[in-house]
Amino acid sequence: MRILKLSLVILSLTTLFACYRASRQVGQNASSSGSAGIAKQQGDSNTVAVSLKQADQSQVFGEAMNRKIIQDADLTMEVDSPVESQRRVTSIAEAHGGFVVTSESKQRQSEDPSQRVIDVSVVIRVPSTQFSATRDEILGLSKNVPEQKTTGQDVTEEYIDLEARIKTQVALEAQFMEIMKQANKVADALEVQRQIAEVRTEIEKLEGRKRFLENRSSLSTITVNLKAPTTVFVNPTGFGLEIKEAAKESVSIARSIILFLIQFVIVMIPILVLVVLPLGLIARFLLRRAKRLRPMTPLPPPAAAPAPPA
């Protein structure tokens, strides 16, 4: 069991070292081949200059084509009709080989119902080779672009690193499969199978990240926010305007007073019916009862008649 574990560790280190040497050897071969190609053209100075220029242009063009760059753009534009501009943005994306990811419409809140407008947000994806042309054509739909943002992220180095790590993990998996065939004990077979499962999990994770970078770099994302122009109202000034504002305030105050009286009456009706009226009836009943129970005051005796004169 210990010998098997030791062999697995040695195999892993050997595979990693071999991949490292292979990557260095590829770089050295590329460098030596470039130097040999330049030295071979040193016979004629004019020919060398032309060849070097063409070689540099071809190398730069090849590197630019092979680079993995994630490009995104966020545009905010004012248009007369956001709904119509939304259809035009969709047509532009489809004309350049792209498609619409999401499209959202939202009504802008306003105190005046007649002034309510709709704002539209569209997210499209187009091939990276058509990114600049698509963005410029969309910007041509509006004369006023309050916000514009373009970003680019170079992920070429990460992509190359992922490829190298995947190759290393695949080679390691193949070596584990060979060891699996030579395992005679159940414990050894289970240990090798566990190692194979870990390697396979790592390979799938690396391949998933690689596919993500390929998708994001091959298709660029453009977010377009379409808004109607903001109307600025200029308030006129003068004596007539002051009279008009005073009349509006008077009407508003009168309406507030009337509404207050109506609310007061509505509130007082239940109070009168449920509180004041029962209390009045009870008080009236108690007063009548008190009068009935009050004792009668005796009348004074009648005065004696005066005696007749003698």
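Is Lys-291 buried or exposed? In this predicted model, Lys-291 counts as exposed, because its relative accessibility comes to 62% and the bar for that label is over 50%. The residue sits in helix H7, which takes in residues 239-293. Lys-291 also has charged company: together with Arg-284, Arg-288 and Arg-292 it makes up a positive patch on the surface.

Stepping back to the whole chain, the secondary structure adds up to 7 helices and 5 strands. Read from the N terminus, the order of elements is α-α-β-α-β-β-α-β-α-α-β-α, so the chain both opens and closes on a helix. Of the 310 residues in the protein chain, 21% are buried. The accessible surface comes to about 23,300 Å², and carbon and sulfur atoms supply 60% of that area. As for who touches whom, take the contacts with a separation of 6 or more: 79% of them link residues 24 or more positions apart.

Helix H6 offers a look at the other end of the accessibility scale. Spanning residues 186-218, this helix holds Leu-206, and Leu-206 counts as buried because its relative accessibility is 4%, where the label calls for under 20%. Setting aside neighbours within four places in sequence, Leu-206 is in contact with Leu-162, Arg-165, Ile-166 and Gln-169. Asp-161 lies 45 residues away from Leu-206 in sequence, yet the C-alpha to C-alpha distance between the two is 9.9 Å.

Arg-216 belongs to helix H6 as well. Despite its charged side chain, Arg-216 is buried, with a relative accessible area of 18%; that value makes the cut because the limit is under 20%. Once residues up to four places away in sequence are left out, Arg-216 touches Ile-70, Asp-72, Arg-125 and Thr-221. One of these partners, Arg-125, is 91 residues from Arg-216 along the chain, with 9.6 Å between their C-alpha atoms.

The last stop is helix H3, made up of residues 82-95, where Ser-85 is found. Ser-85 is buried too, as its relative accessible area is 8%. Apart from neighbours within four places in sequence, Ser-85 is in contact with Val-79, Leu-141 and Leu-226. Put side by side, Ser-85 at 8%, Leu-206 at 4% and Arg-216 at 18% are buried, whereas Lys-291 at 62% is exposed.

Technical notes: Residues are numbered from 1 along each chain as its sequence is written. This is a predicted model: local features need pLDDT of at least 70, side-chain atom pairs count only at pLDDT 80 or more; totals for chains, interfaces and linings use all residues. Side-chain values use heavy atoms; hydrogens and water are left out. Helices (H or I, at least four residues) and strands (E, at least two) are DSSP runs, numbered from the N terminus. Buried means under 20% relative accessible area, exposed over 50%, partly exposed in between (1.4 Å probe, protein chains only). Contact means heavy atoms within 4.5 Å. Accessible areas come from the Shrake-Rupley method with a 1.4 Å probe; for residues, only the protein chains shown count as cover. Patches are made of residues with over 30% relative accessible area and no salt bridge: like charges are joined within 9 Å, nonpolar side chains (Val, Leu, Ile, Met, Phe, Trp, Tyr) within 5 Å. A salt bridge is a side-chain nitrogen of Lys or Arg within 4 Å of a carboxyl oxygen of Asp or Glu. The place of a charge is taken as NZ of Lys, CZ of Arg, CG of Asp or CD of Glu.
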